[in-house]
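Reader: I'd like to go through this one and ask, label by label, what each label rests on. Can you give me the cut-offs as we go?

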Amino acid sequence: RLRFESAYLRKDGTLLPFEASARCFEVRGQRYVQSVARDVTERRTQEQRLAELSRDRDRALHQLRLQFDNLSQGCIITTPDLAVLRVNPAFERMFGWSAADLAGRELLEVLLPAAARPYVGVRLARLRNGDGPIVEEHPAVTASGKRLSCRITYSPLLDGDGRVAGLMALCEDVTEQRVMQRALQERTAML
């Protein structure tokens, strides 16, 4: 059996891509060759379109990775069950954890002091239904145990069918702002 692809030049000067196959067979001692040629224009067009879409997807993913990696806010991506999938460099700097240290760990266990976990856990349950985003300001804990005041925006990540595929948390350290606010309030109270 022989199979190959080529192109015919039409009278109008355009090319007709085709796929040809040939096989030999015998009937009552007589040898025959059967050849079949098939127009593959549509298949080639689809293959080119798929290649373009693949290049577009790769470019978009590259841009998203660059944005994720260069966010000034700490960003953490989890599964729907809040297991950590990925963190950006700003999160690593802010909290002192490496991405490898966090992989598979539960978000609330990593980020929050024990006393805040039940309250935030209840609030995050809404996200599993696709509701959100939710903006919370609460204490967070670094790898060294230092407490930070953080404003965290929790958002559901939806798949193509609208189902929750994960969660994204954007973390902003507002500790210094809160310290300055308290100092200002104390000075104002003295007046």
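Author: Sure, starting with accessibility: buried means under 20% relative accessible area, exposed means over 50%, and partly exposed is in between, with a 1.4 Å probe and protein chains only. This is a predicted model, where local features need pLDDT of at least 70 and side-chain atom pairs count only at pLDDT 80 or more, while totals for chains, interfaces and linings use all residues. Residues are numbered from 1 along each chain as its sequence is written, and side-chain values use heavy atoms, with hydrogens and water left out.

Reader: Why is Cys24 called exposed?

Author: Its relative accessible area is 52%, and the label needs over 50%, so Cys24 counts as exposed.

Reader: And what makes Cys171 buried?

Author: Cys171 has 0% relative accessibility; the limit is under 20%, so buried is the label.

Reader: How do you know that Cys171 has no bond to Cys150?

Author: A disulfide is a pair of cysteine sulfur atoms within 2.5 Å. Cys150 holds the closest cysteine sulfur to that of Cys171, and the two are 6.0 Å apart, so they are too far for a bond. By this rule the model has zero disulfides.

Reader: What makes His138 buried, and what does its side chain pair with?

Author: His138 has 7% relative accessibility, so it falls under the 20% limit and counts as buried. It sits in strand S6 (residues 134–141); strands are DSSP runs of E with at least two residues, helices are runs of H or I with at least four, and both are numbered from the N terminus. Its side chain makes a polar contact of 3.0 Å with that of Tyr154. The cut-off there is a pair of N or O atoms within 3.5 Å; within protein, one must be able to donate a hydrogen and the other to accept it, and residues adjacent in sequence count only if both atoms are side-chain atoms.

Reader: What is called the largest nonpolar core here?

Author: A nonpolar core is a set of buried Ala, Val, Leu, Ile, Met, Phe, Trp, Tyr and Cys residues joined through side-chain atoms within 4.5 Å. The largest such set has 27 residues, and Phe95 and Tyr154 are among those with the most contacts inside it. Among the elements that each supply at least two residues of this core are helix H2 (89–95), S6 and strand S7 (147–158).

Reader: What makes S7 and strand S8 (164–173) a pair?

Author: Two strands pair if DSSP finds at least two bridges between them. S7 and S8 have nine and run antiparallel, so they qualify. Leu157 stands opposite Gly166 in S8. Five residues lie between the strands of this hairpin, where Gly162 takes a positive phi near 85 degrees.

Reader: Which strands form the open sheet, and what makes two of them edge strands?

Author: The order is S1-S2-S3, with antiparallel pairing. Strand S1 (2–9) and strand S3 (30–39) each pair on one side only, and they are the edge strands. Strand S2 (residues 15–27) is joined to S3 by ten bridges, and Cys24 stands opposite Val33 in S3.

Reader: How do you know that Arg28 and Leu82 differ in burial?

Author: Arg28 has 85% relative accessibility, so it is exposed, whereas Leu82 has 7% and is therefore buried. Arg28 is in the loop between S2 and S3, and its phi is positive, about 50 degrees, although it is not a glycine. Leu82 is in the loop between S4 and S5, with a positive phi near 75 degrees.
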